[in-house]
Amino acid sequence: MNKKTILAIDVGTGMIKAFAGRLEADGTIVVIGSGAAPTDGYNKGDITDINALAHSIRQAIDCVIMAADNQPVGAAYLGIGGTALVTDNCVGSIAPAIPGTVSQQDVARACKAAEFMINSDNEVLHVFPVKESPGLPGEALEVDAHIVSASKSTLKALTAALAGNGLHVNGIVSSSVMAAEAIKNELPVQADNFVFIDIGAGTTDFVVYVGGRLCFSASLPLGGDYITNDLMQGLTVNRAHAEEIKRYYSRLSPDLRKQGVVLDCNDYGTTDKHISFDFLYDIIESRVDEICALVYDYLRPRLDKQLADSGQAIERIYLTGGCGTMPSMVACMAKYFQIQAEPVKPKYLAEEYAHPVNTVCYGIIHYGAGAIVREPVTNTTPWNLFIHKAKRLLRI
Ligand SMILES: Nc1ncnc2c1ncn2[C@@H]1O[C@H](COP(=O)(O)OP(=O)(O)OP(=O)(O)O)[C@@H](O)[C@H]1O
Ligand SMILES: [Mg+2]
């Protein structure tokens, strides 16, 4: 098997997207096969039917294998998001190896200490050091770490269900963290303080960077499905037809408003769907505004907290995900946050794949290929487990 080929699987609320690809020495990713399948048994991070989900994932992978002409598709990594993930900012404290100095190893040890604060029912997926204390002589080193974890029992059940479908998973990761970490080095305008927002079908995921460091990530149950559902009800069309109308609308200029424009929104089997642009605008833009307002209300106080010590400000918002491509979503985010917002897509992918919805798979291939630095991994020796339990008992 070609060890450098990675099978990246993005478990989304709407679709499972999968890529088999290789990271080349020049930084480009060569995709040898891609596939997608409608998601079943998973909604906004909540696994409602594990066997149905495993079956959907299998279908997407079968498409990849077919597209790759049965070449080996490599080590598999699965990206999840929404409520499946728990995020915390915890402080780990250790005595530096050399008093008065702070080494990388000290920071890694302090991150491991911070992991002890995480609920022991959860498995740590990612740890990012956010801020270190100065590490003065005679003082403990304190590291504030951002930790992403997921329920051990859910991960175990998912891994087992996938194994039952003939798929061995090498790692489970946070979709949004993978996307943000891959895209942060190829932003159109390099910024130190920015928010990466992925708006999908069911969830809006954020990753916040301050001073170039990942310091916070979270998810809200908001996405394009709300708009699709409104269109289904407002226009009495089925889901597939509503999706088509939404995509058609998002290609049109908002200048068509108040011009008396009527759009032919008919599909197979309909003849009566001549819809005024203004009617579509009212349905879609009221939801877009609501999503942006909720994101702003959630994020603003958290950003203020992250930025409080530094005296810095968020410079830009970068958007991905299917809904992040909507021009009105981009404009509305910019309006609420009063900073520039722009959609981003993978830079080093062939044109046919370089779309914002593929950013998660792009990030997972980078991660699998080792291009995204792996965070310190919890060392689960019996001795460490004993210390962990003792600390929990003593609440230290
Ligand atoms: N061109 C477009 N214009 C408007 N909406 C779009 C467009 N392309 C995709 N979408 C919407 O984006 C959503 C799907 O995006 P995406 O594939 O990122 O979601 P997902 O990963 O399946 O879900 P989630 O990440 O929320 O769990 C759907 O609501 C779809 O209608
Ligand atoms: Mg997604």
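Me: What makes valine 208 and phenylalanine 216 partners across two strands?

Reply: Valine 208 stands opposite phenylalanine 216 in β13. This is a predicted model, where local features need pLDDT of at least 70, side-chain atom pairs count only at pLDDT 80 or more, and totals for chains, interfaces and linings use all residues. Residues are numbered from 1 along each chain as its sequence is written, chains are lettered from A and ligands numbered from 1 in the order in which they are written, and side-chain values use heavy atoms, leaving out hydrogens and water.

Me: How do you know that β12 and β13 pair?

Reply: Strands are DSSP runs of E with at least two residues, numbered from the N terminus, and two of them pair if DSSP finds at least two bridges between them. Strand β12 (residues 204–210) is joined to β13 by 7 bridges, so the two pair, and they run antiparallel.

Me: Why is β13 called an edge strand?

Reply: The open sheet has 5 strands in the order β13-β12-β11-β16-β17, with mixed pairing. Its edge strands, β13 (213–220) and β17 (340–343), each pair on one side only.

Me: What makes threonine 13 a polar contact of ligand 1?

Reply: A polar contact is a pair of N or O atoms within 3.5 Å; within protein, one must be able to donate a hydrogen and the other to accept it, and residues adjacent in sequence count only if both atoms are side-chain atoms. An oxygen atom of ligand 1 is 2.6 Å from an N or O atom in the side chain of threonine 13, so this pair qualifies. Glycine 322 has a backbone N or O atom 2.9 Å from an oxygen atom of ligand 1.

How values were computed
Helix = DSSP H or I, 4+ residues; strand = E, 2+ residues; numbered from the N terminus.
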